Amino acid sequence: MNRIQLMSEDLANKIAAGEVVERCMNVVKELVENAIDAQSSEIKIELVDSGVKEIKITDNGTGMSREDARLAFSRHATSKLKKLDDLFHIQTLGFRGEALPSIAAVSLTTLQTSDGSEGTLIEIDGGKMIREEASDLRKGTCITVRNLFYNTPVRLKYLKNLYSELSLISDYVNKMALSYPHVSFTLKNNGKLLLRTDGSDNLQKVIHAIYGLDIVKKMVPISGENDDYVISGYIGYPELMKGTRNAITILVNGRVIRNNEVNRILVDCYHTYMPPDKFPIVVLQIEVDPILIDVNIHPTKMDVKFSKMDTLKELITDVVSNTLKKLTLIPDGSRQIALDGATIKTETHYTTPFEQEFDSEKKEQEFADFEKMTLSLEVKESDISYGAKPDTTIDEIETWENRIKEMYPVGLVHGTYIVAENEDGMFLIDQHAANERINYEYYLKEMTKENPHKMDLLVPISMEFASNEYVILKEHWQKLEDLGFDVEEFGFQTIMIRSIPLWLRNTNQQAAIRQIIDIIIDREDFQKERFFHRIAATVACKASIKANDFITMEDMRVLLTRLRKCQNPFTCPHGRPTIITFSNYELERLFKRAM
Ligand code: ZN
Ligand code: ZN
């Protein structure tokens with residue numbers, strides 16, 4: 001006979017619970033989504049020991065009648081189950097009605113709820129109801145889940161790392177707060193505040209609550225639309241760079257989703273603004289007709305595919321790149337120190353929430369201060385450091401020099417950093433990074449010309465290659481010709497170069513050619529933009545003045561003038577800063593002339 005029929009309901013519950021509830025985060029997620037379904041405007045999440053000891057979620061939603069409360073713990077009461085495609089059409093998030101009985105099967109769960117006409121308290125221990133009585137009449141629901149997995153010790157073992165449980169929950173609640181700025185979220189662990197949003201439907205305030213004031217000041221609003229998409233949100237200054245993609249949040253029709261392609265598009269927009277292993281802070285909202293997307297739901301994340309990716313890519317690239325182009329991105333030297341500190345703190349804050357707790361009092365205070373600021377937190381001109389305003393029109397930008405006022409060299413430190421000044425303050429310029437940026441933009445411009453100018457070599461250069469290299473080189477012969485080289489085969493695994501692109505004339509030609517050919521042999525990426533970028537950046541690095549090179553005042557003047565003419569004078573092609581400023585105000589503050 002069928003043995004499965006003999007399985008006790010208790011055991012079946014525990015098994016099913018394992019499928020739905022694996023970690024504390026799953027419990028928080030189910031309960032928070034239920035609270036949102038119940039139209040709550042306030043959701044409070046209180047944890048003890050990252051939720052392993054206790055998860056308490058209180059909302060001010062519609063609550064349940066006595067009958068509904070009983071039904072909520074019945075495995076068959078999955079009234080909310082909907083087709084997944086409906087997800088973007090319906091408001092309901094709790095499409096897995098299984099969750100509550102599953103949670104109750106592996107914990108001591110107390111439900112206290114009221115729909116305004118009757119209050120109910122139900123207590124379930126390991127799936128068995130042990131208490132049901134009348135309760136408080138305050139509308140809303142409070143669910144307390146204690147001793148999660150106490151009766152499934154194997155699963156409990158997986159939860160030993162309190163840090164990662166809390167970090168997952170914190171990440172989830174942050175994303176929910178971004179998705180529902182009109183809902184007030186509070187997250188506490190062992191009584192310490194980790195996040196509080198005010199539910200005022202202001203995305204910028206949510207960003208502030210999550211990332212802190214120093215960061216929100218360096219987030220710039222973006223917006224744009226085309227026939228298929230409307231995008232909006234906030235993008236961070238490149239100097240806010242992060243070590244992981246975690247701070248890129250993408251919302252589609254108000255829901256946090258995952259899409260690696262959109263991540264990549266955003267990171268590409270920051271190309272050469274920050275080192276390649278760094279990532280920007282971005283909150284991007286995408287509004288789109290649900291017909292154009294394909295939703296794929298996992299227990300912990302939501303993947304969305306866009307059917308018109310091309311037009312979305314174009315729109316994002318356009319809006320983000322143009323916004324970055326309008327910003328003056330000279331980090332303030334002294335604030336940079338503070339901001340670095342904040343960034344480190346933020347990283348401990350938001351990726352290791354345990355340490356964050358130590359600061360939670362400060363956070364309470366900061367939150368209170370922030371409240372008092374009567375919120376005109378639109379990024380103010382004065383916050384956007386020095387120089388051009390973010391609303392500079394493209395036309396103005398085309399005379400790039402307007403973005404940085406003329407700087408006059410004062411001297412050179414360690415043969416590496418130019419000290420310069422103007423009426424706004426003092427500047428430190430990394431001479432190699434600045435020269436590299438100038439050369440890079442020049443090479444790139446020359447390389448992308450239709451018919452690159454060539455220069456015949458008085459003495460042709462011959463080069464010999466290993467056989468494996470030669471095979472690859474022959475395969476990509478055309479690449480060399482496209483770049484403006486006249487090359488011919490010359491005996492055994494040897495080539496003869498008779499002319500070179502004109503832009504190589506001031507480099508160490510032999511070395512530069514070798515570098516270019518190495519890039520081709522590397523075959524890493526022949527996508528035109530990235531290929532050209534790599535060549536230009538590599539050759540520019542070698543062709544630029546080095547550190548410990550004692551250049552003259554006249555050289556400095558020329559360098560600074562040319563740097564100001566660059567499209568992006570603020571970073572070298574590898575994303576390192578070229579200029580740092582100490583504004584007059586900062587200097588006065590540092591020397592206590594102004595407080
Ligand atoms: Zn370099
Ligand atoms: Zn560089």
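**Exercise 1. Two zinc ions**

Find the residue that bridges the zinc ion (ligand 2) and the zinc ion (ligand 1), and say how far apart the two ions lie.

*Solution.* Keep in mind that you're looking at a predicted model.

Step 1: Start with ligand 2. This zinc ion is held by Glu436 (OE), Cys572 (SG) and His574 (ND1), at 2.0 to 2.3 Å.

Step 2: Now do the other one. The zinc ion (ligand 1) has His432 (NE2), Glu436 (OE) and Cys541 (SG) as its donors, at 2.1 to 2.3 Å.

Step 3: Look for the name that turns up in each list. Glu436 is the bridge, and the two ions lie 3.8 Å apart.

**Exercise 2. Reading the spacing**

Work out how the donor residues of each zinc ion are spaced in sequence, then explain what separates His432 and Glu436 in helix H15.

*Solution.* Step 1: For the zinc ion (ligand 1), the pattern reads H-x3-E-x104-C.

Step 2: For the zinc ion (ligand 2), you get E-x135-C-x1-H.

Step 3: Zoom in on the start of the first pattern. His432 and Glu436 sit four residues apart in helix H15, so about one helical turn separates them. Here's the background: an α-helix has 3.6 residues a turn, so residues three or four places apart point the same way.

**Exercise 3. Buried or partly exposed?**

Sort these donors into buried and partly exposed: His432 and Glu436, Cys572 and His574.

*Solution.* Step 1: You need one cut-off, because buried means under 20% relative accessible area.

Step 2: Cys572 comes out at 0%, so it goes in the buried group.

Step 3: His574 has 33%, which makes this histidine partly exposed.

Step 4: His432 and Glu436 are both buried.

**Exercise 4. Aromatic pairs**

The structure holds four aromatic pairs. Describe the geometry of Tyr229 with Phe306 and of Tyr443 with Trp503, and say which parts of the chain each pair links.

*Solution.* Step 1: The rings of Tyr229 and Phe306 are 6.0 Å apart centre to centre, with 70° between their planes, and this pair is edge-to-face.

Step 2: Tyr229 belongs to strand S10 (residues 229-236) and Phe306 to strand S15 (residues 302-306), so their pairing ties together parts 77 residues apart in sequence. Tyr229 is buried at 1% relative accessibility, and Phe306 is buried too, at 8%.

Step 3: Tyr443 and Trp503 make a tilted pair, with 4.9 Å between centres and 40° between planes. Tyr443 is in helix H15 (residues 431-447), while Trp503 is in the loop between strand S21 (494-501) and helix H18 (509-522), 60 residues apart. Both of these residues are buried.

Step 4: Add Tyr442, and ring pairs join Tyr442, Tyr443 and Trp503 into a cluster.

**Exercise 5. Cores and a helix**

Find out which residues touch the most other members of the largest nonpolar core, and what covers the buried residues of H19.

*Solution.* Step 1: The largest core has 111 residues, and Val28, Val32, Ile45, Phe185, Phe306 and Ile429 touch the most other members. Helix H2 (residues 24-37) gives the largest share, eight residues.

Step 2: Another core of 35 residues lies apart from that one, and its members include Met455, Leu480, Phe531 and Ala537.

Step 3: Move to helix H19 (residues 528-543). Its 16 residues reach 22 Å from first C-alpha to last, close to the expected 22 Å. Among its buried residues are Phe531, Phe532, Ile535 and Ala537.

Step 4: The cover over H19's buried residues includes H15, helix H17 (477-483) and H18.

Key: Residues are numbered from 1 along each chain as its sequence is written. Chains are lettered from A and ligands numbered from 1 in the order in which they are written. This is a predicted model: local features need pLDDT of at least 70, side-chain atom pairs count only at pLDDT 80 or more; totals for chains, interfaces and linings use all residues. Side-chain values use heavy atoms; hydrogens and water are left out. A nonpolar core is a set of buried Ala, Val, Leu, Ile, Met, Phe, Trp, Tyr and Cys residues joined through side-chain atoms within 4.5 Å. Buried means under 20% relative accessible area, exposed over 50%, partly exposed in between (1.4 Å probe, protein chains only). Helices (H or I, at least four residues) and strands (E, at least two) are DSSP runs, numbered from the N terminus. Rings of Phe, Tyr and Trp (its six-membered ring) pair if their centres lie within 6.5 Å; planes under 30 degrees apart count as stacked, over 60 as edge-to-face and the rest as tilted. The expected span of a helix is 1.5 Å times one less than its number of residues. Contact means heavy atoms within 4.5 Å. Donors are N, O and S atoms within 2.8 Å of the metal (3.2 Å for Na, K and Ca); water is not among the atoms, so sites may look incomplete.
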